[in-house]
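Visitor: I should like to go through this model with you, one question at a time. Please reason briefly before giving each answer.

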Amino acid sequence: MVAVAEHLTEVRERVAAAARSTDREPHAVTLVVVTKEVGLDGVRAALAAGAVDLGENRAQELVTKAGTLARDEDAPTRALRWHFIGRLQRNKVRAAAPYVALWQSIDRAELAVELGHRVSGAAVLVQVNVSGEAQKGGCSPDEAEALVDMCRAHGCHVEGLMTVPPAMGDPRPVFARLRRMTDDLRLRVCSMGMSGDFELAIAEGATMVRVGAAIFGPRPGRADARR
């Protein structure tokens, strides 16, 4: 697992350089290490190398890993924060709730209602489908403000916005628009950018990036390095 530590160090250095290029300190950008389809040995290697924020796309995978690590006496999990970053089903909220520190993919009112019921003061990001692709999660940009208000009405703490750019083409217009929306709504967190484009996202004002493949290598069966 030496390679995981080396790759994580490299990504951290790239994040720091990108932040400095926008006159920000490196700590102004949070690196979420995406552990989707990564085995426990890989997750432990990332934790040993200093990873704090981990992201998972599937509720069951998150619950299994988080539960195992919580019982792992050798894993440095004291400061670990789990982020849920995938398409969230309402019936999965209860199982994942004990472990999730930040719900990054709240894209409809029913999730705001369920989280408000299950997790008092849940920290959330509203996911916005800036590119308008039918296959992607996220509310439309025109619905974002109303969904932010809905989350707050049900007791959730809205920290910011999140988006996933198109797999092809220039992501910068998508990033720039989410940054403007984040500012217009006076929110703090702008989560955007993945393995193939996180430096562009930081240049456009990301305060949080989600990186997996650049640390752990391509997922099995996935050629899209951005994820």
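Visitor: How many aromatic pairs does the structure hold?

Guide: The model is a predicted one. Two aromatic rings count as a pair if their centres lie within 6.5 Å. By that criterion, the number of aromatic pairs in the structure is one.

Visitor: Are the planes of the F84 and W103 rings stacked, edge-to-face or tilted?

Guide: A pair of aromatic rings is described by the distance of the centres and the angle of the planes. For F84 and W103 the centres are 6.3 Å apart. Planes under 30 degrees apart would be stacked and planes over 60 edge-to-face. The angle here is 45 degrees, so the pair is tilted.

Visitor: Which strands does the pair of F84 and W103 tie together?

Guide: Both F84 and W103 are buried. The pair ties together parts that are 19 residues apart in sequence. F84 belongs to residues 81-84 and W103 to residues 100-106, so the strands in question are β3 and β4.

Visitor: How many disulfides does the structure hold?

Guide: A disulfide requires two cysteine sulfur atoms within 2.5 Å. For C151, the nearest cysteine sulfur is that of C156, 5.3 Å away. C156 in turn has the sulfur of C151 as its nearest, and C156 is in no disulfide. The number of disulfides in the structure is zero.

Visitor: Is C151 buried or exposed?

Guide: The cut-off for a buried residue is a relative accessible area under 20%. C156, at 6%, falls below that value. C151 has a relative accessible area of 0%, and therefore C151 is buried.

Visitor: How many of the residues of strand β6 are buried?

Guide: Strand β6 comprises residues 157-162 and is largely enclosed by the rest of the structure. That description follows because the buried residues number five of the six.

Visitor: Which residue of β6 is the bridge partner of L125?

Guide: Strand β5, residues 123-127, pairs with β6 in the parallel sense over five bridges. β5, helix α6 (residues 144-153) and β6 also make a right-handed β-α-β unit. Within β6, the bridge partner of L125 is G160.

Visitor: Which residue of β7 is the bridge partner of M162?

Guide: β6 and strand β7 (residues 189-191) run parallel and are joined by three bridges. Helix α7, residues 172-184, completes a right-handed β-α-β unit with β6 and β7. Within β7, the bridge partner of M162 is S191.

Visitor: What does helix α3 reach from its first C-alpha to its last?

Guide: Helix α3 spans residues 59-70, and so has twelve residues. At 1.5 Å a residue, the expected value is 16 Å. The model is close to this expectation, as the helix reaches 16 Å.

Visitor: Against which elements do the buried residues of α3 pack?

Guide: The buried residues of α3 include A59, L62, V63, A66 and L69. Charged residue names also appear among them, namely E61 and K65. The elements against which the buried residues pack are α2, β2, β3, α4 and β4.

Visitor: Which residues does A18 touch, not counting residues up to four places away in sequence?

Guide: A18 lies in helix α1, residues 2-21. At 7% relative accessibility, A18 counts as buried. Apart from residues up to four places away in sequence, A18 touches E199 and I202.

Visitor: Which residues does E114 touch, not counting residues up to four places away in sequence?

Guide: E114 is part of helix α5, residues 109-118. Its relative accessibility is 10%, so E114 counts as buried. Leaving aside residues up to four places away in sequence, E114 touches R90 and V93.

Definitions and conventions: Residues are numbered from 1 along each chain as its sequence is written. This is a predicted model: local features need pLDDT of at least 70, side-chain atom pairs count only at pLDDT 80 or more; totals for chains, interfaces and linings use all residues. Side-chain values use heavy atoms; hydrogens and water are left out. Buried means under 20% relative accessible area, exposed over 50%, partly exposed in between (1.4 Å probe, protein chains only). Rings of Phe, Tyr and Trp (its six-membered ring) pair if their centres lie within 6.5 Å; planes under 30 degrees apart count as stacked, over 60 as edge-to-face and the rest as tilted. Helices (H or I, at least four residues) and strands (E, at least two) are DSSP runs, numbered from the N terminus. Contact means heavy atoms within 4.5 Å. Two strands pair if DSSP finds at least two bridges between them. A crossover is right-handed if, with the strands pointing away from the viewer, the path from the first strand over the helix to the second runs clockwise. The expected span of a helix is 1.5 Å times one less than its number of residues.
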